[in-house]
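This report describes how the strands, helices and aromatic rings of one protein model are arranged. The sequence and structure come first.

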Amino acid sequence: MRTAQARLASGDVTTVRLNSTDNAVSFDTDALVVGVHTGPDGPRPAPGAESVDEALGGGLAATLLAMGVKGKQGEIAKLPTFGALSAPLLAVVGLGDAPEGDYDTESLRRAAGTASRALAGTARVALALPAADAQRAGAVAQGALLGAYSFTTYRTTGEQTAPVAELTVLSGADGAQAAVERAATVAASVSLVRDLVNTPPSDLWPARFAEIAEQTGSAAGLSVEVLDDKALKEEGYGGIVAVGQGSANPPRLVRLAYSHPEAAKTVAFVGKGITFDSGGLSLKPTSSMDWMKSDMSGAGAVFGALVAIAKLGLKVNAIGYLCLAENMPSGTAQRPSDVFTSFAGKTVEVLDTDAEGRLVLIDGIARAGQDDPDLIVDVATLTGAQIVALGWRTAGVMANDDELREEVVRTAGEQGEAAWGMPLPEELRKGLDSPVADIANLHPERFGGMLTAGIFLREFVPDGVRWAHIDMAGPAFNKGEPHGYTPKGGTGAITRTLVGLAERYAS
């Protein structure tokens, strides 16, 4: 059976290119995608669709209205063109109300993703969505590529529908070529992360993840260092060792590094990489365990971002730490009331072994501080409280610097990833006091769990270092139906945000 790495090496991926034609009607493709807006009397053609409407005798809106299509976001309709266009198939995607100014890039991403998902099985697809400038051309390309994603590695029966093989963005905007190329690079990294998240834990244990990171990272131009369980013990990574000691698959710490000779800033990203989380001796219920293969999504996002940063050649130094362990119950597992010494030298009392993600992160955060970064950002599927507070699609952002918190939230929004700034209330710190150690890993009260987890992590940030924490427990894994460019299963969440942050700090 093929593993994630074998699938990534197979070359079975969707490609994207740019064409500057302004004549979508005669463009040679198997399916043409255009957009429509909602209007008082029915759908209205968006820019890019006017010539198509004219070629169809001006009847596009009436036909869609008869089909019940109103132009709302997320709507999709497929129509035969009967020779009126070069493309035999027309796909019309809803864009919602027409904007008063520029088109929102995220609405274009979602529309393009909706279209490419709906056109799975089609070899060639051209998108004539509103892409009047490079930024919007890139958004269309990225959304279409992400929407075309599929994960069929483990399917051996049933009919398989191949994703779109070739996407073409129709835009004559200045700089569009570079924007489309960037979109393809970032989308490839997001797809890499999705592959890893979707891979079952039987094929993605810590050492295997480290091996993939070493192979793929080195090929992208990253320097890679892997610490095995023996080195972790010798060098004092008490948190990672404690979490991983109950598993037959020992833990790993992977350090990925990219440098640029013209860089003036250094960013460090730390990812939680629990390749499977049973809860340890504080065992999870079955209903909470069946999707815990996704508990390595933070490390996946950091890995994917570093690969993209290297391929984009950004003028920044970027370092990533993948804190990898499998949290299992056994005779060697850590116990509630155990105490360990972290890499930072602080002792931690473990009150709940299912609050394990923060234990591996504190070692990674402390180690990242030795790289003298301008900021540290950790990423994790950390708490169920994040889902309670913000739902399945919005990540929570906390920081020891208000400006940095807002910068991360703003960057996430620019990249099309929903995030919301959250506080770190000082009064919650007392709940982490331990009678036997420097700090406990859990607040005894269930309220404010996302915030107390952030406060716990903050205790291990080196003095004077700007730090932000992203809790993406919900956004990392889509348990519902696909929507826009988001598939069911692993989403690759926050990968784009980390790339965007690196771009902000690039010289």
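Two strands are taken to pair if DSSP finds at least two bridges between them. The model is a predicted one.

## The eight-stranded sheet

By that rule, strand β10 (residues 266-277) pairs with strand β14 (residues 375-380) in the parallel sense, over five bridges. Two of the partnerships can be named: V270 of β10 has D378 as its bridge partner in β14, and F269 has V377. Helix α16 (residues 495-505) packs on the sheet and touches both β10 and β14. The direction of α16 makes about 175° with that of β14.

These strands belong to an open sheet of eight, with mixed pairing and the order β8-β9-β11-β10-β14-β18-β15-β16. Strands β8 (223-227) and β16 (419-421) stand at the edges; each has a single partner strand, so one side of each is left without a neighbour in the sheet. From one strand to the next the twist averages 20°. Helix α7 (residues 206-219) lies across β8, β9 (252-258), β10 and β11 (317-327). The angle between α7 and β11 is about 160°.

## Strand β14

How many of the six residues of β14 are buried? Six of the six are, so β14 is largely enclosed by the rest of the structure. In a regular strand, side chains alternate between the two faces of the sheet. In β14, L375, V377 and V379 point one way, while I376, D378 and A380 point the other way. All of these residues are buried, D378 included.

Besides its pairing with β10, β14 is joined by five bridges to strand β18 (residues 467-471), and these two strands run parallel. Here the bridge partner of I376 is W467 in β18.

## The three-stranded sheet

A further open sheet has three strands in the order β12-β13-β17, again with mixed pairing. Its edge strands are β12 (339-341) and β17 (439-440), and each of them pairs on one side only. Strand β13 (residues 347-349) runs parallel to β17, and two bridges join them. Within this pairing, E349 stands opposite A440 in β17.

## Helix α6

Helix α6 (residues 176-198) has 23 residues. From its first C-alpha to its last it reaches 32 Å, close to the 33 Å expected at 1.5 Å a residue. Of its 23 residues, 17 are buried, so α6 is largely enclosed by the rest of the structure.

R194, within the residue range of α6, lies over the face of Y149, at 5.2 Å from the ring centre.

## Aromatic rings

The count of aromatic pairs comes to six. In one of them, the rings of F456 and F460 have their centres 5.2 Å apart and their planes at 50°, so the pair is tilted. Are these two rings' residues buried or exposed? The cut-off for buried is under 20% relative accessible area. F456, at 0% relative accessibility, therefore counts as buried, and so does F460, at 3%.

Ring pairs also link W291, W392 and F477 into a cluster. Elsewhere a charged side chain sits over a ring: R446 lies over the face of F447, at 5.5 Å from the ring centre.

Note on methods:
Residues are numbered from 1 along each chain as its sequence is written. This is a predicted model: local features need pLDDT of at least 70, side-chain atom pairs count only at pLDDT 80 or more; totals for chains, interfaces and linings use all residues. Side-chain values use heavy atoms; hydrogens and water are left out. Helices (H or I, at least four residues) and strands (E, at least two) are DSSP runs, numbered from the N terminus. The expected span of a helix is 1.5 Å times one less than its number of residues. Buried means under 20% relative accessible area, exposed over 50%, partly exposed in between (1.4 Å probe, protein chains only). Axes are lines fitted to C-alpha atoms, for helices over the stretch in contact, and angles run from 0 to 180 degrees between N-to-C directions. Contact means heavy atoms within 4.5 Å. Rings of Phe, Tyr and Trp (its six-membered ring) pair if their centres lie within 6.5 Å; planes under 30 degrees apart count as stacked, over 60 as edge-to-face and the rest as tilted. A charge sits over a ring if NZ of Lys or CZ of Arg is within 6 Å of the ring centre and within 35 degrees of the ring normal.
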